[in-house]
Structures are given as C-alpha cells and as structure tokens.
Amino acid sequence: MATAEKQVMIVGIDDSEHSVYALEWTLDHFFVPFGPSSPFKLVVVHSKPTPASAVGLAGPGAAEVLPYVDADLKRIAARVVEKAKEKCTSKSVNDVVYEVVEGDARNVLCEAVEKHHASILVVGSHGYGAIKRAVLGSVSDYCSHHAHCSVMIVKRPKIKH
C-alpha cells in the first residue's frame, strides 16, 4: 500500500503575540489531537526584512549602519524561530521545517506556498483598524488575495471586561 504524502501547512510568524497565538492555535487544532498521524506537514516561515528596508534611508552614512541593522535583524529572526521551536516542542510536534527568508512578508509567504505546494497558509491577525491597515498594509489581506491556497487568518479572542 502506497503512503499518501501529507499536505503542507505553512504558518507565517513574526515577533508579535498575534503570530505566536496563531501558531499555538494551529498546533492545538491540527497537530496535537492527531499526534504523528496529523494529515499535515508543518512549515514555519519567518520573513526577515532587508537591512535597507528596515533603515528606510539612503543618505550619507547609511552604508555604515546597515551591518549593525542586519545583525540585529538576524538576532530577532533567531529569537522568533527559537520561540516557535519551543511552542512546537512543548506540544510534542517535532516534525517541523523552520525557514527564515529575507524579504517582504507578503511576498515571502506567497512564495513559500508555491515552493512547498502548500494547501493551507496560516497567519495571525494584528487586529488593525482600517486606517492603520491602509498605512501599514496587511499581510493577511494580501495573502488572502494572492496566495494560491486556502488562507486561514487566526484572530486572538477579545478580552471581555
């Protein structure tokens, strides 16, 4: 009997509580209840901004700053991946691929979907209002329109007072 290859589920993460919540929610709903027989292979993707995009300036002295910014971005990426590994390990989900890809999160996630032939892309929602979303852009909105797979946007529950 041939073994069916598992579908790929990609979870996009950054250094926000929202993406950590989305990862935990995904683990709790798609991996923990099924154990090793989960129908999905998990790929966790972090998009590391380019130093130039993080600095956002191109004047005299910018070249000297870029190596420091790049080192800081690498430290952040390592911390984000380490946190994701801790969450997965704590839930006994060990068959996970972790990737850090340099670039804009919208493009990185859509390209990861293509590269891995993913069936589902999971992203967290920062819960921005219309104005903030228009100014900053929404990764989840972009991915929901451009990724060639189903996109699940995980929202943190609102705390009732």
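Okay, let's start in helix 3, which covers residues 62-90: Arg-75 and Asp-72 sit 3 residues apart there, so about one helical turn separates them. And their side chains do meet, in a salt bridge with 3.5 Å from N to O. Keep in mind that this is a predicted model.

How open are those two to the outside? Arg-75 has a relative accessible area of 51%, so it counts as exposed. Asp-72, at 37%, is partly exposed.

Let me step back for those of you who haven't seen this one. The protein has 6 helices and 5 strands. If you walk along the sequence, the order goes β-α-β-α-α-β-α-β-α-α-β. There are 161 residues, and 36% of them count as buried. The accessible surface adds up to about 10000 Å², with 56% of that belonging to carbon and sulfur atoms.

Now, how many salt bridges does a search of the whole structure find? The count is 9. I'll go through some others besides the helix 3 pair.

Take Glu-17 and Arg-156. Their side chains form a salt bridge too, at 2.8 Å from N to O. This pair links distant parts of the chain: Glu-17 is in helix 1, residues 17-31, while Arg-156 is in the segment after strand 5, and the two positions lie 139 residues apart in numbering terms. Glu-17 comes out at 57% relative accessibility, so we call it exposed, and Arg-156 is partly exposed at 36%.

Next up is Lys-115 with Glu-99, where the closest N and O atoms are 3.1 Å apart. Again, distant parts of the chain are linked, with Lys-115 in helix 4 (residues 105-116) and Glu-99 in strand 3 (residues 96-102), 16 residues apart.

So which partner here is buried, and which is exposed? Lys-115 is the exposed one, with a relative accessible area of 56%. Glu-99 has just 13%, and the cut-off for buried is under 20%, so Glu-99 counts as buried.

Then there's a group rather than a pair: Lys-48, Asp-70, Lys-74 and Glu-102 are joined up in a network of salt bridges.

One last thing, on contacts across the chain. If you take the contacts with a separation of 6 or more, 77% of them are between residues 24 or more positions apart. The Glu-17 and Arg-156 pair, 139 residues apart, is a nice one to look for when you open the model.

Methods. Residues numbered from 1 in each chain as written. Predicted model: local features only at pLDDT ≥ 70, side-chain atom pairs only at ≥ 80, totals over all residues. Heavy atoms only, no water. Salt bridge = Lys/Arg side-chain N within 4 Å of Asp/Glu carboxyl O. Helix = DSSP H or I, 4+ residues; strand = E, 2+ residues; numbered from the N terminus. Buried < 20%, exposed > 50% of the residue type's maximum accessible area, 1.4 Å probe, protein only. Contact = heavy atoms within 4.5 Å. Areas by Shrake-Rupley, 256 points an atom, 1.4 Å probe, with all protein chains shown as cover.
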